[in-house]
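Trainee: Got a minute to go through this one with me? I'd like to start with the surface.

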Amino acid sequence: MSDINQAHKDRLMSDLHSVVTEAESLLRATAGAAGEGASELRAKVQASLDRAKHNLADLQDAAVEKARAAGRATDLYVHEKPWQAIGLAAGVGLLLGMLISRR
């Protein structure tokens, strides 16, 4: 289930990054538009983009930290219980081999 959640988070981060990039392009393209309303709107959009970039960076930092924590936990487990880790890896390999051979 966490793989599905991670996939959703990755997709959300990718989509948010795309939106930020496209909005920045739109701001650059409309930079010459005249009028007080246009410049006020550009300022609001730029502020929203800055917040979105900050939130995206925070989300990426959190994802990286979770991955590092999972790696540390796995490393600790393997060092504390090497035979269980070898058995688990062999079991997973056997299961994957059986699934692949059925195709």
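Mentor: Sure. One term before we look: a patch here is made of residues with over 30% relative accessible area and no salt bridge, with nonpolar side chains joined within 5 Å. And keep in mind that this is a predicted model.

Trainee: OK, so which residues make the nonpolar surface patch?

Mentor: Leu-88, Val-92, Leu-95, Leu-96, Leu-99 and Ile-100 make it, and the patch covers about 600 Å².

Trainee: Where does Leu-95 sit?

Mentor: Leu-95 is in helix α3, which spans residues 82-102.

Trainee: And how far can I trust α3? What's its mean pLDDT?

Mentor: It's 92, the highest among the elements of the chain, while α1 has the lowest at 73. For the chain as a whole the mean is 81, and 89% of the residues reach 70 or more. As a general caution, where pLDDT is low, the predicted coordinates should not be read in detail.

Trainee: Let's zoom out. How many helices and strands are there?

Mentor: There are 3 helices and 0 strands, so to speak an α-α-α pattern when you read along the sequence.

Trainee: What share of the chain is buried?

Mentor: Buried residues account for 10% of the 103 residues. The accessible surface is about 8,400 Å², and carbon and sulfur atoms hold 63% of that.

Trainee: Which residues make up the largest nonpolar core, then?

Mentor: There are 5 residues in it: Val-20, Ala-23, Leu-27, Leu-49 and Ala-52. Both α1 (2-29) and α2 (36-80) supply at least two residues of this core, and α1 gives the largest share, 3 residues.

Trainee: Stay on Leu-27 for a second. What is it in contact with, leaving aside neighbours within four places in sequence?

Mentor: Leu-27 is in contact with Arg-42, Val-45, Gln-46 and Leu-49.

Trainee: Switching topic: how many salt bridges does the structure hold?

Mentor: Just 1. Glu-65 pairs with Arg-72, and their closest N and O atoms are 2.9 Å apart.

Trainee: Are those two buried, exposed or partly exposed, and what are the numbers?

Mentor: Glu-65 is partly exposed, with a relative accessible area of 38%. Arg-72 is partly exposed as well, at 48%.

Key: Residues numbered from 1 in each chain as written. Predicted model: local features only at pLDDT ≥ 70, side-chain atom pairs only at ≥ 80, totals over all residues. Heavy atoms only, no water. Helix = DSSP H or I, 4+ residues; strand = E, 2+ residues; numbered from the N terminus. Buried < 20%, exposed > 50% of the residue type's maximum accessible area, 1.4 Å probe, protein only. Areas by Shrake-Rupley, 256 points an atom, 1.4 Å probe, with all protein chains shown as cover. Patch = residues over 30% accessible without salt bridge, like charges linked within 9 Å, V, L, I, M, F, W, Y side chains within 5 Å. Salt bridge = Lys/Arg side-chain N within 4 Å of Asp/Glu carboxyl O. Core = buried A, V, L, I, M, F, W, Y, C linked by side-chain atoms within 4.5 Å. Contact = heavy atoms within 4.5 Å. pLDDT = per-residue confidence, 0-100.
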